[in-house]
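Here is a quick walk through one protein model and its ligand site. Have the coordinates open while you read.

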Amino acid sequence: MKTDRKKLPKLGKSTTAIHAGGLEHSIYGEVSVPIFQSSTFAFPSAEEGAARFSGEKPGYIYSRLDNPTVNALEESVATLEGGFGAVATATGMAAVSSVYLAFLSRGDHVVASSCIYGSSRVILESELSRYGVETTFVDSSEPSNIEKAMRPQTRMVFVETPMNPSIRLTDLAGAAAIAKKCGALLAVDNTFAGPTLQRPLEFGADIVIHSLTKFINGHADVLGGMVVTRDQEHYDRVKKVISLFGCTMDPHQAWLILRGLRTLAIRVEKAQENAMKLAHFLESHPRVTWVSYPGLAGHPQHDLAKRQMDGFGCMISFGVEKGLQGGITLMNNVGLIGLAVSLGGVESLIEHPASMTHACIPPEKRREAGILDELVRLSVGCEDFEDLRNDLDQALNRIGDYRSVTSALQAEMEASQEPGC
Ligand code: LCS
């Protein structure tokens, strides 16, 4: 839904997360946004129905096109990101694929980061290639790699920062300058940071994508996605594609996510405080070989993180002794920390990208992208730090007495099966 943020005073991030998208929806003085659980909306007259369809008059028509509860969530996220408007989608992947569908045509070229969520990469590699769209994957942590890959046909630069799962960063201002110079769009998947920590539009991005399933909802109980645009032209294009292709969000889903969003700032604050302490703990643990967390002075892009983020986030990746086998021992021995994919919830989760979220990428391409077989990814939640530290410590200390990993898992990873992303 389009938003007129000029009417709103400039508010802080917590205040915005709590109030945006809810101020103008009062019917009975209710404080929370109601669920408008209706697939369609009656017109007072045939003339009014026709006027709404032609765009001559505002008003609701049908929930695949617009719904008040979904619009409230869209307005909240658009406000937090500082965008012109936002369009909600059924899942994060619906948001990613709608951006591809809206802006790419036969003959277009994309420069994408090699380290992105597995499914976002597979769509470019195996699906859009069938429609004549070509993609070059680069290590986007170095802006010159993006620049070198640009062609006259390049229509889009697609990046994540922090990247899933290497937790390396893309320089947003650098990527935006290159895309602009070449007349391409910069689309940024901001799922790993979230809008309270990073707003890519401020650095020149044109489009921001979220899997709302993660930090914005924050409770591991709903799927959802969002596309935020800098200007009206891109908003209209994305809105059209999402409505036509039916990638729309359901009002009950929107209500649940809106409820999660109200506590986004406070959840992220607590989780990233835990993440900073855990990153230091992991760095000093004898079983841990390396740690990637932007808050550590040793992270190669620590200074960039300070420039473009308002905090270092809640995602850590690390390697352990004995490589893959050590990682499996760790994951099989955590108790409090859940062994599950996904991220961004109040509960901490651990997973192994090479055999799980990024298994659909062939092994040599995974290695090129820095997704090492030994890499373990940790989504830090809001539990008490001491409990998380103790759980990791006892599981890491089991690495010395691991049993040999089954050759079946290694063979499965080498074969890189497509489902599972
Ligand atoms: N973008 C990023 C950066 C993601 O990490 C994910 C899902 C998506 C988009 C897609 O969102 P969804 O359709 O699932 O709402 N990432 C997952 C992960 O790393 N583990 O499980 C899902």
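Helices (H or I, at least four residues) and strands (E, at least two) are DSSP runs, numbered from the N terminus. With that in hand, Lys 322 sits in the loop between strand 9 (315-320) and helix 12 (323-333). Its phi is positive, about 70°, although Lys 322 is not a glycine. Lys 322 is partly exposed, at 44% relative accessible area; buried means under 20%, exposed over 50%, and partly exposed in between (1.4 Å probe, protein chains only).

A word on ground rules. This is a predicted model, with residues numbered from 1 along each chain as its sequence is written. Local features need pLDDT of at least 70, side-chain atom pairs count only at pLDDT 80 or more, totals for chains, interfaces and linings use all residues, and side-chain values use heavy atoms, with hydrogens and water left out.

Now for the loop between strand 4 (154-160) and helix 7 (172-181). Pro 162 is in this loop, and the peptide bond leading to it from Thr 161 is cis, with omega near -10°. Pro 165 is in the loop too, and the bond from Asn 164 to Pro 165 is also cis, with omega near 10°. Ile 167 belongs to the loop as well; it has a positive phi of about 60° without being a glycine. Is Ile 167 buried or exposed? It is buried, with a relative accessible area of 0%.

Helix 7 comes next, and Asp 171 caps its N-terminal end: a side-chain oxygen is 3.2 Å from the backbone nitrogen of Ala 173. Within the helix, the buried set is Leu 172, Gly 174, Ala 175, Ala 176, Ile 178 and Ala 179. Those buried residues pack against helix 6 (143-149), strand 4, strand 5 (185-189) and helix 11 (302-308). After the helix comes Gly 183, with a positive phi near 70°.

Gln 198 ties back to this region. It is placed in the loop between strand 5 and strand 6 (207-211), and it is buried at 0% relative accessible area. Its side chain reaches the backbone oxygen of Thr 161 at 2.8 Å. Beyond neighbours within four places in sequence, its contacts (heavy atoms within 4.5 Å) include Glu 81, Leu 172, Asn 190 and Met 309.

Over to strand 12 (376-379). Val 376 and Leu 378 point one way, Arg 377 and Ser 379 the other, and all are buried. Strand 12 runs antiparallel to strand 9, joined by 4 bridges, and also pairs in the antiparallel sense with strand 11 (349-351) over 3 bridges; pairing takes at least two DSSP bridges. Ser 379 is the bridge partner of Met 315, and Leu 349 stands opposite Ser 379.

Finally, the ligand. It is surrounded by 18 residues (a heavy atom within 4 Å), and the closest are Met 93, Asp 189, Ser 211, Thr 213 and Arg 377. Polar contacts to its oxygen atoms (N or O pairs within 3.5 Å) include these:

| Residue | Protein atom | Distance to a ligand oxygen |
|---|---|---|
| Gly 92 | backbone N or O | 2.9 Å |
| Thr 213 | polar side-chain atom | 2.6 Å |
| Arg 377 | polar side-chain atom | 2.7 Å |

The protein covers 93% of the 480 Å² of accessible area that the ligand has on its own (Shrake-Rupley method, 1.4 Å probe).

Methods. Polar contact = N/O pair within 3.5 Å; in protein donor to acceptor, adjacent residues only side chain to side chain.
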